[in-house]
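Please take a moment with the sequence and the model below before reading on. The paragraphs after them are meant for someone meeting this structure for the first time.

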Amino acid sequence: MKQIKITGKTVIKIAFLSFSVFVLIGIGIHFFGYRVAIRFNPEMAKELGGVISRKEMDELEANYQDKIQTIKAQLPIIENKIATLRSLKDQLTELSTPSPEKK
């Protein structure tokens, strides 16, 4: 009969090896599951992983471009307001700072 010595080192090696195997199996199942879901049931893949189609991506991009255009249209108005506020601030600082008395 053959004896196997169980030491802390061998227990750690076996635990690490089994952990690695389980992680690799999990990763494989995860990606294989997404491939099957995308091929046979795209709606389920969309719900599970946030996968979107090219058409939906183009629609989102067009929506974002529209929002950018509206923000760019508002930019000159905001710059004018900032310039007005800056001039008002300068006028208030002139009024609030005492001028040196003339002799």
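What follows goes from the overall fold and its confidence to the individual helices, and then to the surface and the charged pairs.

The model is a predicted one, and its secondary structure comes to three helices and zero strands, so arranged that the elements run α-α-α when followed from the N terminus. How confident is the predictor in the chain, taken as a mean? The mean pLDDT is 85, and 86% of the residues reach 70 or more. This confidence is not even along the chain, for among its elements helix α2 (residues 42-49) has the lowest mean pLDDT, 69, while α3 has the highest, 93. Where pLDDT is low, the predicted coordinates should not be read in detail.

Helix α3 covers residues 54-96, and its length can be checked against expectation. At 1.5 Å a residue, its 43 residues should span 63 Å, and the end C-alpha atoms of α3 are 60 Å apart, which agrees. Where along its course does α3 bend? The bend, of about 35°, is at Leu75, and a proline, Pro76, follows within four residues.

Turning to the surface, one finds that buried residues make up 2% of the 103 residues in the chain. The accessible surface of the chain comes to about 10,300 Å², and 66% of that area belongs to carbon and sulfur atoms. Leu17, Val21, Phe22, Ile25 and Ile29 form a nonpolar patch on this surface, and together they have about 530 Å² of accessible area. One member of the patch, Ile29, lies in helix α1, which takes in residues 8-40. Is Ile29 buried or exposed? Ile29 has a relative accessible area of 58%, and because a residue over 50% counts as exposed, Ile29 is placed in that class.

The charged residues come last. Side chains of opposite charge can pair when their charged atoms come close, and in this chain the count comes to two salt bridges. In one of them Asp58 pairs with Arg54, the closest N and O atoms being 3.7 Å apart. These two residues are four residues apart in helix α3, and therefore about one helical turn separates them. Asp58 is partly exposed, at 37% relative accessibility, whereas Arg54 is exposed, at 60%.

Which residue forms a salt bridge with Asp90? The partner is Lys89, and here the closest N and O atoms are 3.6 Å apart. Asp90 counts as partly exposed, with a relative accessibility of 35%, and Lys89 is likewise partly exposed, with a relative accessible area of 49%.

Terms used. Residues numbered from 1 in each chain as written. Predicted model: local features only at pLDDT ≥ 70, side-chain atom pairs only at ≥ 80, totals over all residues. Heavy atoms only, no water. Patch = residues over 30% accessible without salt bridge, like charges linked within 9 Å, V, L, I, M, F, W, Y side chains within 5 Å. Areas by Shrake-Rupley, 256 points an atom, 1.4 Å probe, with all protein chains shown as cover. Salt bridge = Lys/Arg side-chain N within 4 Å of Asp/Glu carboxyl O. Buried < 20%, exposed > 50% of the residue type's maximum accessible area, 1.4 Å probe, protein only. pLDDT = per-residue confidence, 0-100. Expected span 1.5 Å × (residues − 1). Bend = angle between axes of the 7 residues up to and from the residue.
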